[in-house]
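These are my notebook entries on a structure that I went through element by element. I begin with the strands and end with the ligand.

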Amino acid sequence: MLLVVMLSASVRFSIYSIKYQRHQKHEILNGELRNRFEFQLLGFSAFIIWAFPPCSLVERSRNLEHGGNAHLDFIRALVQIRICGTHGAIKPMFCAGKRPNETIEKVDDFCCMGRRKKMVVENVTILAIADKGQALARIDDVVTFVKGVVPGDVCDIMIKRKRKNYWEGHVMKITELSPIRIEAKCKYFGVCGGCKWQNLSYEKQLEFKQKQVNDALQRIGKVEVGAFEPILGSENVFNYRNKLEFSFSHRRWLTQEEVESGKVFEDVPSLGFHVPGRWDKVLDVEECHLMAEPSNGIRNRVREIALANDFSYYNLNAQTGFLRNLIVRSTMMNDWMVILSVAEDNPNAIKLILDTLAEEFPQLTSVLYVINDKPNDTIADLDIQVHSGNDYIMEEMEGLKFRVGPKSFYQTNGPQAYELYKITRDFAGLTGNEVVYDLYTGTGTIAQFVAKQAKKVVGIEYVEPAIVDAKLNAELNGIENTSFYAGDMKDVFTKELVAKEGHPDVVITDPPRAGMHGDVVARLNELLPQRIVYVSCNPATQARDVQLLSENYEVKKVRPLDMFPHTHHVESVVLLERRVISEE
Ligand SMILES: C[S@@+](CC[C@H](N)C(=O)[O-])C[C@H]1O[C@@H](n2cnc3c(N)ncnc32)[C@H](O)[C@@H]1O
């Protein structure tokens, strides 16, 4: 009986498969199965299962005798194979008969993954830190990525997803804590997501960051590196940021413990940070250790005023409400800026909040607001209004002054930015005779930092107001050998520009996380400056670009630098020197 059912199902699936190929149908089995390959695979799977029925299917088929529906059950089992992922499910089924009992139990778990049970593997030791701060373990010899644990932790892991070359897991329980763990300082640790590595000693954090940079150049870049220089840690591991952005939400995010406590929490609004992976959920934050005072004071005062006056917080789903975002920025010169973003023009409410802040926080040299009634939070395309003070804050380094406007990028850790610029200048090895291009110049900070040692510096940047600031800064600092251009790098950094400004001897490039556009890399390979100093906040894209340049350049040295303690982010400066072509 069982054999007949299996055989009929197998034939049926083969017919579906042929029909599918003929008519290119995409919507069979309620749209669960979508491509030709999967259908062929199902026909094949049906045959395999018919030929070598694994324990779980046999058992299910036995249940038929107690009133189950054989055909339906068989189809479900096949659909589950598809859900489990072919690499995870089919392989163990092949070996089902040959494996020890323990493994056969796992096979049964695999078969059930799509519907009820997911595979949980106990007592797995976390081996290393992987990309994006995830942790890495090996389960059944497959690399498995998990979050929220550190190397040396032993834990029970549920397999969430199976990809071709790796799995993704979810930590169910930590059974043994790693000796490298330390107590996190923040009361929101684990919920907020801002400082995921607060439970690691700073020494370990630096070790992992150094490894991340070195690994990227070796594994992604596949290049030889002359010297791996030691990572430069941040002197301040707390209160190091000069910019934080807080969001308002009409509903407070409840932690897992609060939900599980069974208590009823009032539906109060929140002002704080987005919970990781949830654009619509905001954690109410009273105290954050990332920025010095009066950052907490300003945010908490705004909350008090809003609650006392019943100002509505933004509803991120319905896109209604008044208060949207609060940005706080500062500099090493102790200039402070706030930008209040609101969805409606309510002059009295805006005045009340900003008057109070200006009066109670004398450090605020720039009090700004913006009316944003768009669905997204970005203010780059909006007019920023000055409530009081300047429309910029001032930064200073080695006597050079930098004006930073509300839309301009500025490195988020001031003292470390200074160290970064010193390393960059040192790597550039300027003698005073070079034409230097500073790509992705922002407000022209690096350009002006190296200008004294160069013949001339050309800065290019996408954000127009930043270029306005860059020009003003050059004027302010009495620097006359710089010129700045606004626009997309791939369109501005052209042969025509080079013909006008001069051939680059040294290029300093500091692109955003995505790295350089392919056309920009191609232009560098055409222009072939003697040296390229590549500053990056993403070692993976940096390594990718370095590889694209490696035919013409050798990597002399790399120096990582930590701008963001307690996060997996790391800055990396690479020096590329033009290869000497032997004339044989
Ligand atoms: C990592 S920041 C570097 C800023 C600057 N070097 C500094 O240290 O302050 C990257 C800069 O690249 C700019 N940018 C991003 N995409 C760009 C593009 N396609 N073309 C030109 N500039 C771009 C951003 O606006 C930002 O100012």
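Which residue of strand 23 stands opposite I532? I looked this up and found L576. The model is a predicted one, in which local features need pLDDT of at least 70 and side-chain atom pairs count only at pLDDT 80 or more, whereas totals for chains, interfaces and linings use all residues. Residues are numbered from 1 along each chain as its sequence is written.

**Entry: the sheet.** I then took the strand pair itself: strand 21 (residues 531–536) and strand 23 (residues 571–578) run antiparallel and are joined by six bridges. I take helices (H or I, at least four residues) and strands (E, at least two) as DSSP runs numbered from the N terminus, and I call two strands paired if DSSP finds at least two bridges between them. I followed the pairing outward and noted an open sheet of eight strands with mixed pairing, in the order 7-22-23-21-20-17-18-19. Its edges are strand 7 (225–228) and strand 19 (482–486), each of which pairs on one side only. From one strand to the next, the twist averages 15°; for angles, axes are lines fitted to C-alpha atoms, for helices over the stretch in contact, and the values run from 0 to 180 degrees between N-to-C directions.

**Entry: helices on the sheet.** Helix 7 (residues 202–220) packs on the sheet and touches strand 7, strand 22 (553–561) and strand 23, its direction making about 165° with that of strand 22. Contact here requires C-beta atoms, placed from the backbone, within 7 Å. Helix 17 also packs on the sheet, where I found it touching strand 21, strand 22 and strand 23, at about 160° to the direction of strand 21.

**Entry: helix 16 against helix 17.** Helix 16 (residues 518–527) packs with helix 17 (residues 539–549) at an angle of about 35°, the axes being 10 Å apart. On the side of helix 16 the contact uses V521, L524 and N525, and on that of helix 17 it uses D545, L548 and L549.

**Entry: a hairpin.** Strand 15 and strand 16 form a hairpin with two residues between them, and E398 in the turn has a positive phi of about 45°. I looked up the partner of I393 in strand 16 and found V404.

**Entry: the ligand.** I listed 18 residues around the ligand, of which F409, Y440, G442, Y462 and M489 come nearest; a residue is near if its C-beta atom, placed from the backbone, lies within 6 Å.

Notes
Contact = placed C-beta atoms within 7 Å.
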